[in-house]
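Here is a short set of exercises to work through with the model open beside you. Try each task before reading its solution.

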Amino acid sequence: MRSVLPWFESRFPLFLAPMAGVSDKIFRQICKEYGADVLTTEFVSAEGIFRRNQRTCEYLDFDEIERPIGVQLFGANADHMAGAAKQVADWVQPDFIDLNFGCPVNKVVCKNGGSALLKDCPTLARVAQAVVRAVAPLPVTAKIRIGWDSASVNAVTVAKVLADSEIRALTVHGRTRAQGYSGAADWDVISSVAAAVSIPVIGNGDLTSAIVTAKRRVESGIAGAMIGRAAMSTPWMFRETKAYLETGETIQSPPLEEKWNVIRRHCERVVAEWGTEEPAMRSMRARLMAYSKSMPEGKRLRERFSQVSTLGDIEIIARENITRSANVAFAIA
């Protein structure tokens, strides 16, 4: 039997979910600073790598401080997936390769990638086995959803297929492909998967706080937790969750000034990477909307964030928000 992956040894690791348009190098490093244990790149097209598409290859960029980090690949052609995984392993030396068998997006599914393979276990097995052979001894992990739709929830079956294919750990998102990101994640199915296979199972879905994550850990028997959309608004959730898991006590969220410092730094790094301020800041609008969910006067902030074009705009909004919040607190006191 293969050894346990090092990030599972004597601990319960917290993973940042690979989210398209979100889990870039800058955001991954912010989450790492707040305690994320394991990172994964945004999902990358195996066909793009196989054809050496420049934009696709840019998604592979990461810094040494992000380790342990995996590169997530999607595709349905076993030979191409194996070839792409081998190229990735040689180019950037990640700590693991992760296979995306859970993406619900139409442009992925229509090519028989992502969650489409949940309906085709023989092809899923061929892909997994080909990649495992191609990159050995580099570990290969996978991420799945609980099924295609409510009538075909087959996560336990898929998990056993992947474990037999020598996948080293498995993340289970507790929704079907048909659900997308709506409705509630089914943690009963995640629990069933954790009980059915000997490899580590990471739970994902509706982990919105430290308390919820700790509760799911106890109830489901998962070996780790993957935090996705909640991290977009509260990257400090990793720190809060680790503290709660270790002590059973909640710690306060960062003060407002610290939250704004995170936003400022995020914007500054994106501008530096783009090299042009206005396009970079426009690209940040959606990310700023997510941050607003953890801030006072969120609705007002969203209105302002929808129009930001410069770092100066962010500074003005930050000062106004901090001042207004202080005045409200003083009035209440």
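**Exercise 1. The largest pocket**

How many nonpolar, polar and charged residues are in the lining of the largest pocket? Work this out on the predicted model, then describe where the lining comes from.

*Solution.* Begin with the space itself: the largest pocket holds about 1,200 Å³. Next, collect its lining, which consists of 35 residues. Nearest the centre you will find G21, E42, F43, R55 and Y59. Sorting the lining by class gives 12 nonpolar, 11 polar and 12 charged residues. Finally, trace the lining back to the secondary structure: α1 (25–33), β3 (44–45), α3 (54–58), α5 (106–109) and α12 (256–274) each contribute at least two residues. Of these, α12 gives the largest share, with four residues.

**Exercise 2. The second largest pocket**

Find the residues nearest the centre of the second largest pocket, and say which element gives the largest share of its lining.

*Solution.* The second largest pocket contains about 530 Å³ of space. Its lining is made of 28 residues, and P18, M19, K143, Y181 and R229 are those nearest the centre. Two or more lining residues come from each of β6 (140–147), β7 (170–176), β9 (224–227) and α10 (229–233). The largest share belongs to α10, which supplies three residues. By class, this lining splits into 15 nonpolar, eight polar and five charged residues.

**Exercise 3. A cavity**

How many cavities of 30 Å³ or more does the structure hold? Characterise the lining of the largest cavity.

*Solution.* A search at that cut-off gives one cavity. About 80 Å³ of space lies in this largest cavity. Its 16 lining residues include F15, F96, D98, T141 and T171, which lie nearest the centre. Now look at the elements: β5 (96–101), β6 and β7 each provide at least two residues of the lining. The class count comes to 11 nonpolar, four polar and one charged.

**Exercise 4. Two helices**

Are helices α14 and α15 roughly parallel or antiparallel to each other? Reason from the crossing angle of their axes.

*Solution.* Take α14 as residues 285–292 and α15 as residues 298–305. Their axes come within 9 Å and cross at roughly 170 degrees. Angles over 145 degrees count as roughly antiparallel, so α14 and α15 are roughly antiparallel to each other. To see what makes the contact, select R285, L288, M289 and S292 on α14, together with G298, L301, R302 and F305 on α15. These contact residues comprise four nonpolar, two polar and two charged.

**Exercise 5. A salt bridge and some backbone details**

What distance, N to O, is found in the salt bridge of R67 and D95, and where do the two residues sit along the chain? Then inspect the backbone for cis peptide bonds and a positive phi.

*Solution.* Across the whole structure there are 20 salt bridges. In the one formed by the side chains of R67 and D95, the N to O distance is 3.2 Å. R67 lies in the loop between α3 and β4 (69–74), whereas D95 lies in the loop between α4 (78–92) and β5. The partners are 28 residues apart, so this pair links distant parts of the chain.R67 also takes part in a cis peptide bond, to P68, with omega near -5 degrees. P68 is found in the loop between α3 and β4. A cis peptide bond also joins A136 and P137, with omega about 10 degrees, and P137 is placed in the loop between α6 (121–135) and β6. To finish, check S10, in the segment before β1 (14–16): S10 is not a glycine, yet its phi is positive, at about 60 degrees.

Definitions and conventions
Residues are numbered from 1 along each chain as its sequence is written. This is a predicted model: local features need pLDDT of at least 70, side-chain atom pairs count only at pLDDT 80 or more; totals for chains, interfaces and linings use all residues. Side-chain values use heavy atoms; hydrogens and water are left out. On a 1 Å grid over the protein atoms alone, a cavity is a set of points where a 1.4 Å probe fits but cannot get out, and a pocket is an open set with protein on both sides within 12 Å along at least five of seven lines; lining residues have an atom within 4 Å of a point. Grid points are joined across faces, edges and corners, and a volume is the space filled by probe spheres set on the points. Ala, Val, Leu, Ile, Met, Phe, Trp, Tyr, Cys and Pro count as nonpolar, Asp, Glu, Lys and Arg as charged, and the others, Gly among them, as polar. Axes are lines fitted to C-alpha atoms, for helices over the stretch in contact, and angles run from 0 to 180 degrees between N-to-C directions. Angles under 35 degrees count as roughly parallel, over 145 as roughly antiparallel, 65 to 115 as roughly perpendicular and the rest as oblique. Contact means heavy atoms within 4.5 Å. A salt bridge is a side-chain nitrogen of Lys or Arg within 4 Å of a carboxyl oxygen of Asp or Glu.
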